[in-house]
Amino acid sequence: MLNQREVSVMKVVFDACKRNNGTCIVANNFVLQSVPEKHKLDNIKLDVILKQLEYDGYFECTKSLKDGSTVNVIALKQKGKAFERELVQRKRELVSTALWRVIFAAVGAVVALVIQRVF
């Protein structure tokens with residue numbers, strides 16, 4: 001399971017690749033600027049996250065220099081193409097877990113109230 005920083009980087013990469021049929025050239029500066037403020041990264045952390053996502057099978061990444069800045073040539077793999085669905089499933093699982101916790105808390109409160117009334 002991806003952590004929040006990996007998810008935010010993967011969203012940027014996925015959106016860029018989705019517009020170009022699963023491949024894109026993304027500059028490190030573009031990714032750093034596109035990541036939400038609460039997940040701000042530097043170049044070293046970004047490189048680590050991109051490498052981890054590549055090891056996890058989301059995409060293939062080749063680094064290159066263009067006009068003095070580092071760019072990443074990225075091609076999504078099957079797991080990377082299914083990233084959007086993974087986000088939907090993650091949200092669904094979170095809602096389901098929260099709902100079950102509320103239900104069990106309510107049942108526990110009712111049982112405690114009944115036991116208190118009996119004794």
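**Why these words fit this model**

Trainee: Why is the sulfur of C61 called too far for a bond?
Mentor: The closest cysteine sulfur to that of C61 sits in C24, 8.9 Å away. A disulfide needs the pair within 2.5 Å, so C61 is too far from C24 for a bond. Please keep in mind that this is a predicted model.

Trainee: And what makes the sulfur of C24 too far from the closest cysteine sulfur, in C17?
Mentor: Here the sulfurs are 3.0 Å apart. The cut-off is still 2.5 Å, so C24 and C17 are not bonded by this rule. The disulfide count comes to 0.

Trainee: Why are C24 and C61 both called buried?
Mentor: Buried means under 20% relative accessible area. C24 has 7% and C61 has 12%, so each counts as buried.

Trainee: What makes V13 buried?
Mentor: The relative accessible area of V13 is 0%, and the limit is 20%, so V13 is buried. V13 is placed in helix α1. Beyond its neighbours within four places in sequence, V13 contacts C24, L50, F59 and I74.

Trainee: Then why is A75 called partly exposed?
Mentor: A75 has 27% relative accessibility. Partly exposed covers the range between 20% and 50%, so that is where A75 belongs. You will find A75 in strand β3, residues 69–76. Its contacts, apart from neighbours within four places in sequence, are G22, T23, F59 and E60. Of these, T23 is 52 residues away from A75 along the chain, yet their C-alpha atoms are separated by 4.3 Å.

Trainee: How do you know that α1 and α3 are roughly perpendicular?
Mentor: The two helices pack at an angle of about 80 degrees, with their axes 10 Å apart. Roughly perpendicular runs from 65 to 115 degrees, so α1 and α3 earn that description. On the α1 side the contact is made by R5, E6, V9, M10 and V13, and on the α3 side by K45, L46, I49, L50, Q52 and L53. By class, that contact holds 7 nonpolar, 1 polar and 3 charged residues.

Trainee: Why are α1 and α5 called oblique?
Mentor: Helix α1, residues 4–18, packs with helix α5, residues 83–118, at about 140 degrees, their axes being 10 Å apart. Roughly antiparallel begins over 145 degrees and roughly perpendicular ends at 115, so α1 and α5 are oblique. V7, M10, K11, F14 and K18 of α1 meet F83, E84, L87 and R90 of α5. Those residues divide into 5 nonpolar, no polar and 4 charged.

Trainee: Let me step back to the whole protein. What is the order of helices and strands along the sequence?
Mentor: The pattern is α-β-α-α-β-β-α-α, with 5 helices and 3 strands.

Trainee: And what makes the protein more spread out than a compact globule?
Mentor: For 119 residues the globule rule gives 14 Å, whereas the radius of gyration is 21 Å, so the protein is more spread out than a compact globule. Taken along the principal axes, the C-alpha atoms fill a box of roughly 80 × 25 × 20 Å. One pair to look at is V13 and Q116, whose C-alpha atoms are 56 Å apart. Buried residues make up 29% of the 119.

How values were computed
Residues are numbered from 1 along each chain as its sequence is written. This is a predicted model: local features need pLDDT of at least 70, side-chain atom pairs count only at pLDDT 80 or more; totals for chains, interfaces and linings use all residues. Side-chain values use heavy atoms; hydrogens and water are left out. Axes are lines fitted to C-alpha atoms, for helices over the stretch in contact, and angles run from 0 to 180 degrees between N-to-C directions. Helices (H or I, at least four residues) and strands (E, at least two) are DSSP runs, numbered from the N terminus. Angles under 35 degrees count as roughly parallel, over 145 as roughly antiparallel, 65 to 115 as roughly perpendicular and the rest as oblique. Contact means heavy atoms within 4.5 Å. Ala, Val, Leu, Ile, Met, Phe, Trp, Tyr, Cys and Pro count as nonpolar, Asp, Glu, Lys and Arg as charged, and the others, Gly among them, as polar. Buried means under 20% relative accessible area, exposed over 50%, partly exposed in between (1.4 Å probe, protein chains only). The radius of gyration is taken over C-alpha atoms; the globule rule is 2.2 Å times the number of residues to the power 0.38.
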